[in-house]
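Subject: Structure for your review

Dear colleague,

Please find below the structure that I am handing over to you, together with its sequence. I should be grateful if you would read the notes that come after it.

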Amino acid sequence: MKFTRKANAEWKGSGKDGKGKLSTASKVLNNTAYSFHTRFEDGEKGTNPEELIGAAHAGCFAIQLSFLLNEADFTATSLDVAATVSFEDGAITKINLNLEGDVPNIDAEQFQQIAHKAKEVCPVSKVLQTEIVLKVTLKNA
């Protein structure tokens, strides 16, 4: 399978006082605000690159895990993934993925193994050059 996806960023003004807009071809983001304040402070409405990386990573990982579970003859009732992106001294230093899964008829060890494989083969995990920590919880264990 081969495809491309497009997103656009517009920025006006200085680094600290400027403002920008992010848009995606799907229109899920459509002139979504971002700024120094939405990136480095709390309170202003808008997004930031680290938040978007976290959402992309959590979503990619969940889909990848679902496929790997299906290959092992399991179907998840739910996979809830929270991504926490740590930023320090100008770099993303770590991403914590916190997975809670409800998967009928799977034991905790097998779920753990499949989840760790998903972390390794997830395309977003592969593109990020930072430590990725995965915590796994099986709800029905």
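The notes below go from the overall fold to the core and then to individual residues.

Please bear in mind throughout that this is a predicted model.

Overall architecture

The protein contains four helices and six strands. Their order along the sequence is β-β-β-α-α-β-β-α-α-β. Measured out along the principal axes, the C-alpha trace covers about 55 × 30 × 25 Å. Of the 141 residues in the protein, 32% are buried. Among contacts with a separation of 6 or more, 52% are between residues 24 or more positions apart.

The accessible surface amounts to about 9,100 Å², and carbon and sulfur atoms account for 50% of that area. As for charge, there are 16 positive and 18 negative side chains, with 10 Å between the centres of the two sets.

The nonpolar core

In soluble globular proteins, nonpolar side chains tend to be buried together. In this model, the largest nonpolar core has 24 residues, and the members that touch the most others are F61, L65, L69, L99, V103, I106 and F111. At least two residues of this core come from each of α2, β4 (78–88), β5 (91–102), α3 (108–121) and β6 (131–138). The greatest contribution is that of α2, which provides five residues.

L65 may serve as an example of these core members. Beyond its neighbours within four places in sequence, L65 is in contact with L79, L99, F111, I114, A115 and A118.

Two buried polar residues

E50 belongs to helix α2, which runs over residues 49–71. Is E50 buried or exposed? Its relative accessibility is 9%, so E50 counts as buried, the cut-off for that class being under 20%. Which side chain does the side chain of E50 meet in a polar contact? The partner is the side chain of R39, at 2.5 Å. With neighbours within four places in sequence set aside, the residues in contact with E50 are R39, V85, F87 and I92. R39 therefore appears both as the polar partner of E50 and in the list of its contacts.

S23 is part of strand β2, residues 19–24. This serine is also counted as buried, because its relative accessibility is 14%. A polar atom of the S23 side chain lies 2.8 Å from the backbone nitrogen of N31. Apart from neighbours within four places in sequence, S23 is in contact with A7, N8, L29, N30 and N31.

Two loop residues with positive phi

K27 is not a glycine, yet its phi is positive, near 70°. K27 sits in the loop that joins β2 and β3 (32–35). With a relative accessible area of 55%, K27 is exposed.

D73, which is likewise not a glycine, has a positive phi of about 70°. Where is D73 placed? D73 is in the loop between α2 and β4. The relative accessible area of D73 is 71%, and D73 is therefore exposed, since that class begins over 50%.

To recapitulate, E50 and S23 are buried, whereas K27 and D73 are exposed.

With kind regards

Notes. Residues are numbered from 1 along each chain as its sequence is written. This is a predicted model: local features need pLDDT of at least 70, side-chain atom pairs count only at pLDDT 80 or more; totals for chains, interfaces and linings use all residues. Side-chain values use heavy atoms; hydrogens and water are left out. Buried means under 20% relative accessible area, exposed over 50%, partly exposed in between (1.4 Å probe, protein chains only). A polar contact is a pair of N or O atoms within 3.5 Å; within protein, one must be able to donate a hydrogen and the other to accept it, and residues adjacent in sequence count only if both atoms are side-chain atoms. Contact means heavy atoms within 4.5 Å. A nonpolar core is a set of buried Ala, Val, Leu, Ile, Met, Phe, Trp, Tyr and Cys residues joined through side-chain atoms within 4.5 Å. Accessible areas come from the Shrake-Rupley method with a 1.4 Å probe; for residues, only the protein chains shown count as cover. Lys and Arg count as positive and Asp and Glu as negative; His and the chain ends are not counted. The place of a charge is taken as NZ of Lys, CZ of Arg, CG of Asp or CD of Glu.
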